[in-house]
Amino acid sequence: MNDAGQQSHDPDFPERFVDFMRTGWRDSGLDAAPRTEAPNHAKRRADLSAAFPGETLVVPTGVDKVRCNDTNHPFRPGSDHAWLTGEHDPDAVLLMRPTEGGHEATLYLRPRSPRDTDEFFRDRNYGELWIGRRHTLAEKATELQLGTAHLDELPAALDGCAPGRTRVLRGYDPFVDAQVRTGAPERDQELAQVLSELRLVKDAWEVEQLQDAIDATVRGFEDVARILPADRSVSERLVEGVFGLRARHDGNAVGYGSIVGNGAHAAILHWMRNDGRTVPGDLLLMDMGVENRNLYTADVTRTVPVSGTFTPLQRQVYDIVHRSQQAGIDLIRPGVAFDDIHQTCMRVLAEGLKDLGVLPVSVEEAMDRSAILYRRWTLHGFGHMLGLDVHDCASARKERYKEGTVEAGYVLTVEPGLYFQPEDELVPAELRGIGVRIEDDVLVTPTGARNLSDGLPRSAADVETWLAAQREAGPRLP
């Protein structure tokens with residue numbers, strides 16, 4: 001690299017050209033208006049402020065990551081930062097300074113390129129002729145309803161942070177991590193923990209965002225079903241690509257790498273190579289979710305028979321997983337232990353494994369916590385929290401998450417599965433290479449649970465009917 005944002009193969013422009021490029025540009029303003037969700041972000045900052053009175057809090061969004069040479073991955077803001085501010089651009093840092101009444105929040109960011117320097121036409125990373133128009137500080141302050149300052153002023157602001165009274169969300173911005181030394185990692189870990197726990201309960205706006213992402217995901221599954229042949233093979237990547245088109249058109253992107261596994265690939269939990277092909281007669285497992293434009297993601301899995309009809313054995317396995325999922329959903333209500341939902345789902349799976357002749361011991365012995373032999377064929381728990389991250393609130397304490405109870409406003413997945421590896425000699429040969437997972441996104445309501453992804457069928461008969469109807473309808477443009 002030479003100057004910032006330039007490569008060795010960039011031309012060395014003559015000064016006359018540089019002077020010429022700096023002149024003759026009309027100033028253009030944006031019609032910035034306060035975002036409707038700005039009060040939600042303000043309340044979240046107030047809740048964080050109340051958790052750490054008298055302390056300085058530093059929450060960066062993250063920086064661009066190099067994909068290869070001089071090209072970057074598409075930037076995705078840090079979830080905690082986006083939750084607190086609504087800002088989506090890279091490099092931004094939220095600084096919350098203590099005041100007598102709480103905290104004063106300032107967002108340090110990179111404003112639009114000036115026209116009296118070379119940045120706007122030479123800098124590949126930030127120049128507006130390369131990446132497009134950015135907001136001015138005033139425009140961003142209006143939009144987010146949050147005080148803003150130039151990113152160049154951040155070092156001086158961080159210099160004034162007292163180590164014993166400052167907490168930093170680590171791992172997002174190398175400059176911030178190096179600049180602010182708190183000397184107490186556990187204090188920074190507590191900031192991450194509190195942020196995760198504050199995010200457990202979704203407000204009404206967040207539920208709307210999740211429903212938006214889930215509705216787009218339903219459309220994506222429909223798109224896939226409409227191009228999935230019953231009588232010939234297509235690549236798993238075609239399925240991935242068709243869903244990805246919907247995700248990019250209706251949302252921001254996919255919320256995570258799509259899992260598209262035909263046959264034995266369905267038994268690999270995070271099969272993301274997607275380099276196989278569908279086979280008529282096999283099952284096709286698709287774990288896919290759209291991330292909407294406000295960064296909330298769906299997480300849905302469906303397993304369908306490529307031919308359009310389950311074989312008797314495939315249906316038997318599928319029905320076990322469906323019963324397990326339904327038992328878990330039926331149990332969900334405020335105050336129910338996360339582990340009780342897990343045990344309920346797993347017991348149904350263990351009973352099904354016994355019916356299939358797979359379990360070498362009784363259901364009770366297989367379920368014993370000192371053995372959990374059933375898990376050889378289930379591999380994972382019943383689900384996880386969902387929100388801005390597909391595995392949301394991951395820094396929450398165990399007692400507020402997997403060792404705690406679910407509460408109204410939580411959104412979680414319910415996704416039991418059975419997986420029979422092709423090399424597993426402890427199962428009948430006819431089961432080897434079968435993988436089934438059914439996953440839905442569930443909102444805990446004050447009285448029970450609401451399946452946000454019920455726009456897709458779940459029972460075996462309904463899946464067959466739905467698949468036939470989608471194929472009859474044929475492909476569509478987004």
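This is a guided tour of selected places in the structure, to be followed with the model open in a viewer.

Bear in mind from the outset that the model is predicted, and that residues are numbered from 1 along each chain as its sequence is written.

**Stop 1: the largest nonpolar core**

Begin by selecting Met286, Val406, Leu412 and Phe420, which touch the most other members of the largest nonpolar core, a set of 68 residues. Then add helix α13, residues 338-355, which gives the most to this core, with seven residues. In soluble globular proteins, nonpolar side chains tend to be buried together.

Keep Met286 selected and look for its place in strand β10, residues 283-288. Met286 counts as buried because its relative accessibility is 2%, under the 20% limit for that class. Showing its surroundings, and leaving aside neighbours within four places in sequence, you should find contacts with Phe221, Val224, Val239, Ile259 and Val260, as well as with Val300, Thr301, Arg302 and Val304. For a sense of scale, select Pro312 as well, which is 26 residues from Met286 along the chain, and note that the two C-alpha atoms are separated by 21 Å.

**Stop 2: the pair of helices α10 and α11**

Next select residues 204-227, helix α10, together with residues 236-250, helix α11, which pack at an angle of about 145° with their axes 9 Å apart. The crossing of these two helices, α10 and α11, is right-handed. To see where they meet, display Ala216, Thr217, Arg219, Gly220, Phe221, Asp223, Val224 and Ile227 on the α10 side, and Leu238, Val239, Val242, Phe243, Arg246 and Asp250 on the α11 side. Among the residues shown here, Phe221, Val224 and Val239 are also contacts of Met286.

**Stop 3: the loop residue Val358**

Move now to Val358, which sits in the loop between α13 and α14, the latter being residues 363-367. Is this loop residue, Val358, buried or exposed? Val358 is buried, with a relative accessible area of 4%. Its contacts, not counting residues up to four places away in sequence, are Leu353, Trp377, Phe420, Leu426, Val427, Pro428 and Leu431. Of these, Leu426 deserves a separate selection, for although Val358 and Leu426 are 68 residues apart along the chain, their C-alpha atoms are separated by 7.1 Å.

**Stop 4: the region annotated in UniProt**

Select residues 38-177, to which an unreviewed UniProt entry assigns the feature "domain: Aminopeptidase P N-terminal". Over this stretch, residues 38-177, the chain is 34% helix and 23% strand, and the C-alpha atoms at its ends are 28 Å apart.

Within these limits, go to helix α6, residues 137-144, and display its buried residues, namely Glu139, Lys140, Glu143 and Leu144. They lie on the same side of α6, because they cover an arc of only 115° around the axis. The elements they pack against are α2 (38-51), α3 (79-85), β5 (102-109) and β6 (147-150). Just after this helix, α6, you will reach Gln145, which takes a positive phi of about 55°.

Within helix α6, Lys140 merits its own view, as this lysine counts as buried at 4% relative accessibility. Not counting residues up to four places away in sequence, Lys140 touches Glu87, Asp89, Leu109, His135, Gln145 and Thr148.

**Stop 5: Gly54 and its surroundings**

Still in the annotated region, select Gly54 in the loop between α2 and β1, the strand at residues 56-60. Gly54 is partly exposed, with a relative accessible area of 35%, and its contacts, again leaving aside neighbours within four places in sequence, are Pro98, His103 and Arg165. Add Asn69, 15 residues from Gly54 along the chain, and you will find the two C-alpha atoms separated by 44 Å.

**Stop 6: two residues with positive phi**

Finish with two loop residues, beginning with Asp91, which lies between α3 and β4, residues 93-99. Asp91 has a positive phi of about 80° although it is not a glycine, and at 7% relative accessibility Asp91 counts as buried.

The last selection is Ile372, found in the loop between α14 and β13, residues 411-414. Its phi is near 40°, a positive value in a residue other than glycine, and at 34% relative accessibility Ile372 counts as partly exposed.

Key. Predicted model: local features only at pLDDT ≥ 70, side-chain atom pairs only at ≥ 80, totals over all residues. Heavy atoms only, no water. Core = buried A, V, L, I, M, F, W, Y, C linked by side-chain atoms within 4.5 Å. Buried < 20%, exposed > 50% of the residue type's maximum accessible area, 1.4 Å probe, protein only. Helix = DSSP H or I, 4+ residues; strand = E, 2+ residues; numbered from the N terminus. Contact = heavy atoms within 4.5 Å. Arc of directions from axis to C-beta. UniProt positions renumbered as here; feature names shortened; annotations may be inferred. Axes fitted to C-alpha atoms, helices over the stretch in contact; angles between N-to-C directions. Left-handed = near helix turned anticlockwise from the far one by under 90°.
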